[in-house]
Amino acid sequence: MMRQYELVERVQKYKPDANEALLNKAYVYAMQKHGKQKRASGDPYISHPLEVAAILTEMHLDESTIAVALLHDTIEDTNATRAEIDELFGEDIGRLVEGLTKLKKLDLVTKKAKQAENLRKLLLAISDDVRVLLVKLADRLHNMRTLEHMRDDKRARISEETMEIYAPLAGRMGMQDMRDELEDLSFRYINPEAYETVTRRLAELSQRNEGLIKKIEDELRELLVANGLINTSVKGRQKQPYSVFRKMQSKSLSFEQLSDVYGFRIIVDDLPSCYRALGIVHTRWRVVPGRFKDYISTPKQNDYRSIHTTIVGPSRQRIELQIRTRRMHEIAEYGIAAHALYKDGEGGGDGELLSRESNAYSWLRHTIEALAEGDNPEEFLEHTKLELFQDQVFCFTPKGKLIALPRGATPIDFAYAVHTNIGDTTVGAKINGSIMPLVTRLSNGDEVEIIRSGVQVPPAAWEQIVVTGKARAAIRRATRMAIRKQYAGLGHRILERTFERAGKIFSRDTLRPVLHRLGQRDVEDAIAAVGRGELSSIDVLRAVYPDYQDERVTVKPSTDEGWFAMNSANGMVFKIPGKARPGEGEAAAAEDRMPIRGLGGNAEVHFSPAGAVPGDRIVGIMEDGKGITIYPIQASALQKFDDEPERWIDVRWDLDEANKSRFMARIMINAINEPGTLATVAQTIARLDINIRTLSMVRVATDFTEMAIDIEVWDLRQLNQLLVEVKELDCISTVRRVYD
């Protein structure tokens, strides 16, 4: 276990004027509070905050952040209080310790809503002060280093959590070395067999090529020095097990097929030397085509800057090179922790540095914006995971603005990245001046021009095309709003009719004072709830007019089938048990019924599973969350609504002859089991200009097969003609229409 004086010495090495008294006081306080507490390993608990603090000293963080690391578990695991810490160490440290305390475990194996809420807390805490993230990541890294002392199930859960959230989050914040170690430690417990295999093969390769890395380092260094780059550092390494495994998986390669297991970093003094070193290396060794990336001219969103290239280098080894300045290397190693803003102002007035500082937060700010816009916490979790894991491509607007997108992004993703309103109104795109499909995958350097229309509504199918969380969330939100608008239109018509029957006038203003009684947030929500069938129009009427008395009249139908009742207040026609249903008589004038067109795919009106066709007597049933479902009057499913008269709505067909639609019906055929029967039936259906939607067959006896066929017809006349002609076929025993 690290000693107190060792920790202080570490800090003083990079910050000689560090506040030693603060560090000693934080250590003593944490030691006293944790007392005799033990970790799962049996070590004193104080060893954990000490090691977390030690990890942060490797990033050269200030003494305040080191003190927070020492204190980070005191409020959660001891009797320490925020007020006590504020008094002893100041409000700044107290706020950070409390922020860490609120971040309970990100349990990524349990309920998604809980996962999302915990992730929200984490990102909101980070956005308030990024030092929360630095301490949290160091805390997780030490826990992963000592994970062997936990139970198997906990090891797997914590490793999965680390791989899904903490490791990619470290990468997004530019802390690549920490990401690599977190991934390797997680890989060991998530897939132990693969980890053992890859580690063994790497060890064998290292033994076989003993001294190779040193030889390549020396040859690269000698070449650069000989060409005038004297103060140059060259460092080689063998890739980590998880990095190798991930490449094998993504490229479908065997270990033997990997050709760039070695990576080398060339560190130079200044930016011009980066390109000079690149020219020297490319002149000496052959370049592997397609493996060059310049992240200096186009930095990553986490501020990472470096030149990447792959060469067939010394000893004819294929090796990856990263060329960068010392400052770039520091940022690549420690990410946001390397920025002067988090080192007590060190670096002062470096305008370029502070400018790039904001880039490190751009992703986080956009994520927080998505958090604020999102209605569904699970969507937020999905959005964040998508953003964490994606590699990037860089595209441009026609005006030259750079847009960074995940690899595989489409013009739709591009449009939403520019602005949500642009994405919602997108109808087409030009890529490099040519009109291309919206499903086109964008490449580095593409110039994308979005074609828009003011009447466009993003199709729900776009959700399956896009890859960014922002686009996906915006499409879902637009789809929900479109559906709500449809339900609100239906609800408005129902309420107008209900109020009219009661002798009242409906307006949106009448609902505002009673929203709390209806349990709705706003007027539009209340009207849409009526349209979805979640709120009765009568309940709305009574909320607005508490003194309203429900009056019912009895009307004799024009047929002899019986009587039915019509609620004079809401215009709904419903059955009196044992009597006729709506649609069985003509007491409700046709013009009073709700018109129904071909709305089978409409959100507010649906047809029953067995369908209904023009010519059928139909009735509408208000179903919770679905709006109106249309049933033929013969459907036995209507019986379950006999005791719920408020659900019944009288409806009528209102066909548009200029835009005719087919409607679904279901028929059941009992056919002789002999060759050609199905073909004969299908030919008959096709000859009558009828479409088969689905077909299922069940052998019910040795000689007979039962066919259930969903067909699409223009009207009842065409359906009846089909039933007659199929019945006359020699291979058919019986045919009938099914209503349920």
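The legends below describe several close-up views of one predicted model.

This is a predicted model in which local features need pLDDT of at least 70 and side-chain atom pairs count only at pLDDT 80 or more, while totals for chains, interfaces and linings use all residues. Residues are numbered from 1 along each chain as its sequence is written, and side-chain values use heavy atoms, with hydrogens and water left out.

**Figure 1. Overview of the protein.** The protein has 28 helices and 23 strands, these elements being DSSP runs numbered from the N terminus (helices: H or I, at least four residues; strands: E, at least two). Of the 740 residues in the protein, 51% are buried, where buried means under 20% relative accessible area, exposed over 50%, and partly exposed in between (1.4 Å probe, protein chains only). Among the contacts with a separation of 6 or more, 65% are between residues 24 or more positions apart, a contact being heavy atoms within 4.5 Å. The protein exposes about 34700 Å², of which carbon and sulfur atoms supply 49%; accessible areas come from the Shrake-Rupley method with a 1.4 Å probe, and for residues only the protein chains shown count as cover.

**Figure 2. Salt bridges involving K15, R82 and R265.** A salt bridge is a side-chain nitrogen of Lys or Arg within 4 Å of a carboxyl oxygen of Asp or Glu, and by this rule the count comes to 32. K15 and E63 meet in one of them, at 3.2 Å from N to O; this pair links distant parts of the chain, with K15 in the loop between α1 (4–14) and α2 (20–34) and E63 in helix α4, 48 residues apart. K15 is buried, at a relative accessible area of 16%, and E63 is likewise buried, at 8%. R82 forms a salt bridge with D86, the closest N and O atoms being 2.8 Å apart, and because these two residues lie four apart in helix α6 (residues 82–89), they are separated by about one helical turn. R265 forms a salt bridge with D177, with 3.9 Å between the closest N and O atoms; here too the pair links distant parts of the chain, R265 lying in strand β2 (residues 262–268) and D177 in helix α11 (residues 176–190), 88 residues apart. R265 is buried, with 14% relative accessibility, whereas D177 is partly exposed, with 30%. Salt bridges that share partners also join K15, D17 and E63 into one network.

**Figure 3. Surroundings of T309 in strand β5.** T309, in strand β5 (residues 307–312), is buried, with a relative accessible area of 1%. The side chain of T309 makes a polar contact with the side chain of H282 at 2.9 Å; a polar contact is a pair of N or O atoms within 3.5 Å, and within protein one must be able to donate a hydrogen and the other to accept it, residues adjacent in sequence counting only if both atoms are side-chain atoms. Leaving aside residues up to four places away in sequence, T309 touches L278, H282, V287, R291, F292, I319, E320 and L321.

**Figure 4. Helix α26 and its N-terminal cap.** Helix α26 (residues 537–544) is mostly covered, six of its eight residues being buried, namely S537, I538, V540, L541, A543 and V544. S536 caps the N-terminal end of α26, with a side-chain oxygen 3.1 Å from the backbone nitrogen of I538.

**Figure 5. Pairing of strands β17 and β19.** Strand β17 (residues 618–623) and β19 pair in the antiparallel sense over three bridges, where two strands pair if DSSP finds at least two bridges between them. I621 stands opposite W648 in β19. Five of the six residues of strand β19 (residues 648–653) are buried, so this strand is largely enclosed by the rest of the structure.

**Figure 6. Two loop residues with positive phi, H60 and N432.** Most residues other than glycine have a negative phi. H60, although not a glycine, has a positive phi of about 60°; H60 is found in the loop between α3 (47–57) and α4 (63–71) and is partly exposed, with a relative accessible area of 38%. N432, also a residue other than glycine, has a positive phi near 55°; N432 has its place in the loop between β9 (426–431) and β10 (434–436) and is partly exposed at 47% relative accessibility.
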